[in-house]
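Hi everyone, thanks for making time this morning. I'd like to walk you through a structure, so please have a look at it before I start talking.

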Number of protein chains: 2
Amino acid sequence: MLHVHLQFDLTPDQIRYLKTLLDGTICLTVGETPQPARFTILVHGFPRREDLLASPNLHTLIIPWAGPPLETLRLAAQFPWLQVHNLPYNAAPTAEMAVALLLAAAKGILPYDRKFREHRWGPPHPGRRNSVLLEGAMALILGYGRVGRRVAEALRGLGMEVRALRRERRPDDPDHVYGPQALPELLPQAAALVICLPHTPETTGLIGARELALLPPQAVLVNVARGEIVDQAALYHALAERRIFAAGIDVWYHYPDRAQRQRDAPVPPAAFPFHQLDNVVMSPHRAGWSEESEDLRLRHLAAALNAAARGQPLPHRIDPARGY
Amino acid sequence: MLHVHLQFDLTPDQIRYLKTLLDGTICLTVGETPQPARFTILVHGFPRREDLLASPNLHTLIIPWAGPPLETLRLAAQFPWLQVHNLPYNAAPTAEMAVALLLAAAKGILPYDRKFREHRWGPPHPGRRNSVLLEGAMALILGYGRVGRRVAEALRGLGMEVRALRRERRPDDPDHVYGPQALPELLPQAAALVICLPHTPETTGLIGARELALLPPQAVLVNVARGEIVDQAALYHALAERRIFAAGIDVWYHYPDRAQRQRDAPVPPAAFPFHQLDNVVMSPHRAGWSEESEDLRLRHLAAALNAAARGQPLPHRIDPARGY
């Protein structure tokens, strides 16, 4: 019998669905820590120290998201005997949302729609640039993992010239993949800057005032990775002063807690009034969260747990010290 | 000397730019019909009968858009000696806008953005579908000309399975291209229906209540061709009753006249209140009109006029009776 404890928000329907996917040899508990605690696998995104100490049998933590939170990684790194895994189930929805945000921002979809709903046909900002043509222009993708590669394929389909940057250029990488030192020379040519990097200590603040100043005025920035990778003050000012054309932002600087989330309370996502800008497309951290992807997540989770129950290795192990 | 008369809205800057592109052997007049009228080429989107009779030397009409208006085609068909050309300069911007509208509609970009600007993080319609995943789903493209083929390539880049429908299937067309009779059997599988057809008498009302009823509930309809191809009452009701998920609409049923356009007067684009729906992305017929594409249009026009001045055949001749 494999004891698994699950501590993240699922509806009763989702729990029922998950159970239909699990092998009969898996004993699943959900919610508060069971007494006595005998689980060997904990599925939790934000475990506290006491959660990792609750069960003497615990050997594996599954973080049920694609991007593990830094605080979880820091905590897990203090438990060297603990195997940590993530669930990169949402590469396709995330990449799709990155492309949707890029196109919405580049085409000024929101300001055009808002004005046209008043039946006025002219451009939202007469005499100023109202949209950017992407075909033939250069897209710079930061991070070339599961999401970045899908974004690259979609942007090539739109006729863009794609460059990608990853932490370590590998010998078998194609020509359009660069190492981090190429960033300053690539930014001035980038009509689209799409951020799909894992959040690690090194990527915090990677895009700051200096990097944004290198972008051309028609540039569109998209972030579907983690807010902290882009300096929020620098981003706000670049957008407000229209030094870059627009941005599509899915990931933020301040998040509601569970209680606020449950009552859908208003919680500002940043220290700056991004909501007053019409050249930002705002998305509440949902790139990986379409209806279909909730199913995908449960299927990926079930596959991982079934593998463990059958004595097979779990997929997608990560190193808490490196963050991916 | 080649006499060319130009009668469509260009700014003084654009006229200056156009003149820098033209051969010195071209004499260009702009605006009201010159007296005496000796032009051999007229560039005009909506000529009246008297415009086509004004100059005894007229032999060529260039419609400065990709999609010639039906009334212009009907009028031109009464002048069998007149060669009619269009300017399909805007395939890339139009295709890009089609994909932008599809993704914005499928992802609920507008309702999410609107709610999140009030700092509320939850989905706009709790308990109901708020977005559609396109990857792995089927896209049906109506019209497989310059625009349709580009849309197909972009949607394949997003991992969609693409089918296309054209008026006459050609022997060398690939397997995924169908003739018009396949429409009813393809609609029920289409997560995306993208309309890129020329507007001809046969395509008027092609998508009506019956066709919309065949689409699945998660379907997203995009029209960047001509409003009249989709029955407006049927489309409005399908969206209002959420029998399809969403639509992205760039082309409409009623347009401002020149005077209304100049003062940016409010002119409703349809007989139904589409602006009250949150599952439609509204765009004021601008798919081919980015800043870059205005330059593209002038360059294509200059290339056509220079070809005529050099005694070469003009590109993109169309048959007014067929409409393309």
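How many residue pairs are in polar contact between chain A and chain B? The count is 32, with both residues of each pair at pLDDT 80 or more. That cut-off is there because this is a predicted model, so please keep that in mind for everything I show today.

Let's stay with the two chains for a moment. On the chain A side, five elements each give at least two residues to the surface that touches chain B: α4 (91-106), α5 (109-116), α6 (146-157), β12 (280-282) and α11 (291-309). The largest share of that side comes from α4(A), with 9 residues.

In terms of contacts, 60 residues of chain A meet 60 residues of chain B. The area buried between chain A and chain B is about 5,400 Å², and carbon and sulfur atoms give 59% of that. If you want names to go with the area, A:Glu96, A:Arg117 and A:Trp121 supply 17% of what chain A buries against chain B, more than any other three residues.

There is charge at this interface as well. The rule finds 8 salt bridges across chain A and chain B. For one salt bridge with its distance, take A:Asp264 and B:Lys115, whose side chains meet at 2.6 Å, N to O.

Now to the nonpolar side of things. In soluble globular proteins, nonpolar side chains tend to be buried together. Here the largest nonpolar core has 82 residues. The residues with the most contacts inside this core are A:Ile109, A:Val151 and A:Leu155, together with B:Ile109, B:Val151 and B:Leu155.

What does A:Ile109 touch, once we leave aside its neighbours within four places in sequence? In chain A, the partners are A:Leu103 and A:Ala104. In chain B, they are B:Met97, B:Ala100, B:Leu101, B:Ala104, B:Leu110, B:Val281 and B:Arg286.

A good residue to click on next is A:Leu101, which sits in helix α4 of chain A. Is A:Leu101 buried or exposed? A:Leu101 counts as buried, because its relative accessibility is 0%. Not counting residues up to four places away in sequence, A:Leu101 touches A:Val222, A:Val224, A:Gly248, A:Ile249, A:Asp250, A:Val281 and A:Ser283, and over in the other chain B:Ile109. There is also a long-range pairing in sequence terms: A:Leu101 and A:Val280 are 179 residues apart along the chain, while their C-alpha atoms are 9.3 Å apart in space.

Some of those partners come up again around A:Asn223, in strand β10 (residues 220-223) of chain A. With a relative accessibility of 1%, A:Asn223 counts as buried. Its contacts, again without residues up to four places away, are A:Ile195, A:Val230, A:Gly248, A:Ile249, A:Asp250 and A:Val251. The side chain of A:Asn223 also reaches the backbone nitrogen of A:Ala225, at 2.9 Å.

Let's hop over to chain B and helix α9, residues 232-240. The buried residues in this helix are B:Gln232, B:Ala234, B:Leu235, B:Tyr236, B:Ala238 and B:Leu239. They pack against α8 (209-214), β10 (220-223), β11 (246-249) and β12 (280-282) of chain B. At the start of α9(B), a side-chain oxygen of B:Asp231 comes within 3.4 Å of the backbone nitrogen of B:Ala233. Just after the helix we find B:Arg242, a residue other than glycine with a positive phi near 50°. B:Arg242 lies in the loop between α9 and β11 of chain B and is partly exposed, with a relative accessible area of 31%.

Chain A offers a positive phi too: A:His285 is not a glycine, yet its phi is about 45°. A:His285 is in the loop between β12 and α11 of chain A, and at 24% relative accessibility it counts as partly exposed.

Two more backbone details, for those of you who check omega. The peptide bond joining A:Gln35 and A:Pro36 is cis, with omega about -10°. A:Pro36 lies in the loop between β2 (26-30) and β3 (41-43) of chain A. In chain B, the bond from B:Gln35 to B:Pro36 is cis, with omega near -10°.

Last one: how many disulfides are there over all chains? The count comes to 0. Among the cysteines, B:Cys27 is partly exposed at 24% relative accessible area, whereas B:Cys196 is buried at 13%.

Technical notes
Residues numbered from 1 in each chain as written. Chains lettered and ligands numbered in written order. Predicted model: local features only at pLDDT ≥ 70, side-chain atom pairs only at ≥ 80, totals over all residues. Heavy atoms only, no water. Disulfide = S-S within 2.5 Å. Buried < 20%, exposed > 50% of the residue type's maximum accessible area, 1.4 Å probe, protein only. Core = buried A, V, L, I, M, F, W, Y, C linked by side-chain atoms within 4.5 Å. Contact = heavy atoms within 4.5 Å. Buried area = accessible area lost by both parts, 1.4 Å probe. Salt bridge = Lys/Arg side-chain N within 4 Å of Asp/Glu carboxyl O. Polar contact = N/O pair within 3.5 Å; in protein donor to acceptor, adjacent residues only side chain to side chain. Helix = DSSP H or I, 4+ residues; strand = E, 2+ residues; numbered from the N terminus.
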